[in-house]
Amino acid sequence: MNIIFIGDVVGQKSCANLREKLPKLKKQYDAKLVIVNGENSADGNGITPVTAKYLLDSGVDVVTTGNHCFRRKEMDAFYEESDIVLRPANYPDEVVGKGFTVLDFGSYSVAVINLLGTVYMQNLENPFYCVDRILEKISSKTIIVDFHAEATSEKRAMGHYLAGRVSAVLGTHTHVQTADEEILGGYTGYITDVGMTGVIDSVLGIRKDIIINNMLTGYPQRYEYAQGEQIICGVVMEINERTGVCSSIERIRC
Ligand code: FE2
């Protein structure tokens, strides 16, 4: 089966661009499943029930998140209800929401796990131990991990740690697509960061003059999304749903 994973969608205009282009992408790659990191899908940061539903109504099957998952209080009830809009699994169990999901395709299933890095990020459960715990509970052959993390070293270490045990380890969060996609151990598709879905002429989707001014002065200024040409960044993977082996991973940037 072919699976598309789309990187961090920045703001509602980028959600709209994804909605417009997704049917063509799904057809082009014959994708059976689409996963999107939506933690920045709401204007003004975070994800809301409105943007989560918008992504799901656009043909997205699973929405993953990251360090901005709890920016909007109104998401708590949505996380509670939903099995397909995830928050990172390494929050404690008593925190609202689910960190992984298993999708039933009849004769096989696909699991999606959302993890948050802890290097230069929040001090949550070690994601390496966390994923081990989850893998003990999952019988799906096809397992996709969104590792939302800052440090390249932590992401590459996770890729090698899970090589041969999951179908893909896909990095998100930095909003910059890396060119290191590969198949680890002849089994696991890997990329350090799938990149951003947003305005390319920007700093991570935000107006570049605002970020430059922030860097020059240190004076905080309200972030505004950049306007201009939109891009969609992601990867498409070919995975044998019987064995879970990823045979190809290809970057999407369109
Ligand atoms: Fe993030």
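These are my notebook entries on a strand, a metal site, the cysteines and a sheet in this structure, which is a predicted model.

**Entry 1: strand β6**

I started with β6, residues 142–148, and asked how many of its residues are buried. The count came back as 7 of 7, so I can call the strand mostly covered by the definition of buried as under 20% relative accessible area. I then checked the two faces separately. Thr-142, Ile-144, Asp-146 and His-148 point to one side, and these are buried. Ile-143, Val-145 and Phe-147 on the other side are buried too, which leaves both faces of β6 covered.

Next I looked up the neighbours of β6. On one flank I found β5, residues 109–116, paired with β6 in the parallel sense over 7 bridges. To fix the register I noted one pair: Leu-115 has Phe-147 of β6 as its bridge partner. I followed the chain from β5 to β6 and passed through helix α4, residues 127–137; this β-α-β crossover is right-handed.

β7, residues 168–172, also pairs with β6, again parallel, with 5 bridges. Here my register mark is Asp-146, which stands opposite Leu-170 in β7. I checked the hand of this unit as well: β6, helix α5 (residues 152–162) and β7 form a right-handed β-α-β unit.

**Entry 2: the iron site**

Which protein atoms are donors to the iron ion? I listed OE of Glu-39, OD1 of Asn-67, NE2 of His-148 and ND1 of His-173, at 2.0 to 2.2 Å from the ion. His-148 is familiar from the previous entry, as one of the buried residues of β6. I wrote the spacing along the chain as E-x27-N-x80-H-x24-H.

For the geometry, I looked at the angles among the 4 donor atoms, which run from 87 to 168°. The site is classed as irregular.

I then located two of the donors. Asn-67 sits in the loop between β3 (62–64) and α3 (75–81), while His-173 sits in the loop between β7 and β8 (182–184). The pair therefore ties together parts that are 106 residues apart in sequence. Buried or exposed, I wondered about His-173? At 14% relative accessibility His-173 counts as buried, whereas Asn-67 is partly exposed at 23%.

**Entry 3: the cysteines**

I searched the whole structure for disulfides and got 0. Taking Cys-69, I found that the nearest cysteine sulfur belongs to Cys-130 and is 13 Å away. Cys-69 is also buried, with a relative accessible area of 0%.

Why is there no bond between Cys-233 and Cys-254? The sulfur of Cys-254 is the closest one to that of Cys-233, yet the distance is 8.2 Å, too far for a bond. Cys-233 is buried as well, at 2% relative accessible area.

**Entry 4: the open sheet**

Last, I traced an open sheet of 5 strands and noted the order β3-β2-β1-β12-β13, with mixed pairing. β3 and β13 (246–253) stand at the edges. Each has a single partner strand, so one side of each is left without a neighbour in the sheet. I also took the twist: neighbouring strands here are turned by 20° against each other on average, direction ignored.

Inside this sheet I looked up the β1 to β12 pair. β1 (residues 2–6) and β12 (residues 233–239) run antiparallel and are joined by 5 bridges. For the register I noted Ile-6, which stands opposite Gly-234 in β12.

Terms used:
Residues are numbered from 1 along each chain as its sequence is written. This is a predicted model: local features need pLDDT of at least 70, side-chain atom pairs count only at pLDDT 80 or more; totals for chains, interfaces and linings use all residues. Side-chain values use heavy atoms; hydrogens and water are left out. Buried means under 20% relative accessible area, exposed over 50%, partly exposed in between (1.4 Å probe, protein chains only). Helices (H or I, at least four residues) and strands (E, at least two) are DSSP runs, numbered from the N terminus. Two strands pair if DSSP finds at least two bridges between them. A crossover is right-handed if, with the strands pointing away from the viewer, the path from the first strand over the helix to the second runs clockwise. Donors are N, O and S atoms within 2.8 Å of the metal (3.2 Å for Na, K and Ca); water is not among the atoms, so sites may look incomplete. Four donors count as tetrahedral if all angles lie between 85 and 135 degrees; four count as square planar and six as octahedral if opposite donors are over 155 degrees apart and all others between 65 and 115; anything else is irregular. A disulfide is a pair of cysteine sulfur atoms within 2.5 Å. Axes are lines fitted to C-alpha atoms, for helices over the stretch in contact, and angles run from 0 to 180 degrees between N-to-C directions.
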